[in-house]
Amino acid sequence: MAEQLTVQVCYATPAREILLEVQVAPGCTIEQAIAQSALAVLVPGIDLASLPVGIFAKKKPLDTPLRDGDRIEVYRALVADPKESRRRRVEKKTAGR
């Protein structure tokens with residue numbers, strides 16, 4: 001039997017962090033590991049096909065093969081544009097002067 005790889009699948013919401021350790025076969029892709037993790041069961045309504053993913057904070061395509069110890073991160077959509085949020089903070093600060 002071929003040696004298994006151990007990877008982690010991570011997803012976070014404002015209220016909850018999920019970190020799942022998954023044993024996968026060598027040559028397994030990000031997409032296959034996410035499916036094996038049952039993340040979709042733990043987070044009902046998540047659309048894994050439309051969310052970006054990465055390994056250790058670097059975006060990767062779903063067909064990327066995994067290595068032992070990889071941490072797969074499923075990213076959720078931003079609630080607010082960071083540039084717009086910063087602009088509003090600066091305007092609020094300068095209005096108080």
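Trainee: Over how many bridges do strand S1 and S2 pair?
Mentor: This is a predicted model. Strand S1 covers residues 5-12. S1 runs antiparallel to S2. The number of bridges between S1 and S2 is eight.

Trainee: Which residue in S2 does Gln-8 stand opposite?
Mentor: Start from the pairing of S1 with S2, which is antiparallel. S1 spans residues 5-12, and S2 spans 17-24. Across from Gln-8, in S2, stands Glu-21.

Trainee: What is the order of the five strands in the open sheet?
Mentor: Pairing in this sheet is mixed. Its edge strands, each paired on one side only, are S2 (17-24) and S4 (58-60). From one strand to the next, the twist averages 30°. The full order reads S2-S1-S5-S3-S4.

Trainee: What angle does the direction of helix H1 make with that of S2?
Mentor: H1 takes in residues 30-37 and packs on the sheet. There it touches S1, S2, S3 (53-55), S4 and S5 (71-74). Between the directions of H1 and S2 the angle is about 110°.

Trainee: Within what arc do the buried residues of H1 fall, seen down its axis?
Mentor: Buried means under 20% relative accessible area. In H1, that holds for Ile-30, Ala-33, Ile-34 and Ser-37. They line one face of the helix, because down the axis they fall within an arc of 100°.

Trainee: Which helix do the buried residues of H1 pack against?
Mentor: Their partners include strands: S1, S2, S3, S4 and S5. The list also holds a helix, spanning 39-42. That helix is H2.

Trainee: Which residue follows H1, and what is its phi?
Mentor: H1 ends at residue 37. Next comes Ala-38. Its phi is positive, near 65°.

Trainee: How many salt bridges does the structure hold?
Mentor: Side chains of opposite charge can pair when their charged atoms come close. Here the cut-off is 4 Å between nitrogen and oxygen. Glu-84 and Arg-88 meet that at 3.8 Å. The total for the structure is four.

Trainee: How far apart are N and O in the salt bridge of Glu-84 and Arg-87?
Mentor: Both residues lie in helix H3 (residues 82-95), three residues apart, about one turn. Both are partly exposed: Glu-84 at 30% and Arg-87 at 37%. The N to O distance is 2.1 Å.

Trainee: What separates the closest N and O atoms of Glu-91 and Arg-87?
Mentor: In an α-helix, residues three or four places apart point the same way. Glu-91 and Arg-87 are four residues apart in H3. Glu-91 is partly exposed, at 42%. The closest N and O atoms are apart by 2.3 Å.

Trainee: Which residues are linked in a network of salt bridges?
Mentor: Glu-84 bridges to Arg-87 and to Arg-88. Arg-88 sits about one helical turn from Glu-84 and is partly exposed, at 45%. Arg-87 also bridges to Glu-91. The network links Glu-84, Arg-87, Arg-88 and Glu-91.

Methods
Residues numbered from 1 in each chain as written. Predicted model: local features only at pLDDT ≥ 70, side-chain atom pairs only at ≥ 80, totals over all residues. Heavy atoms only, no water. Pairing = 2+ DSSP bridges. Helix = DSSP H or I, 4+ residues; strand = E, 2+ residues; numbered from the N terminus. Axes fitted to C-alpha atoms, helices over the stretch in contact; angles between N-to-C directions. Contact = heavy atoms within 4.5 Å. Buried < 20%, exposed > 50% of the residue type's maximum accessible area, 1.4 Å probe, protein only. Arc of directions from axis to C-beta. Salt bridge = Lys/Arg side-chain N within 4 Å of Asp/Glu carboxyl O.
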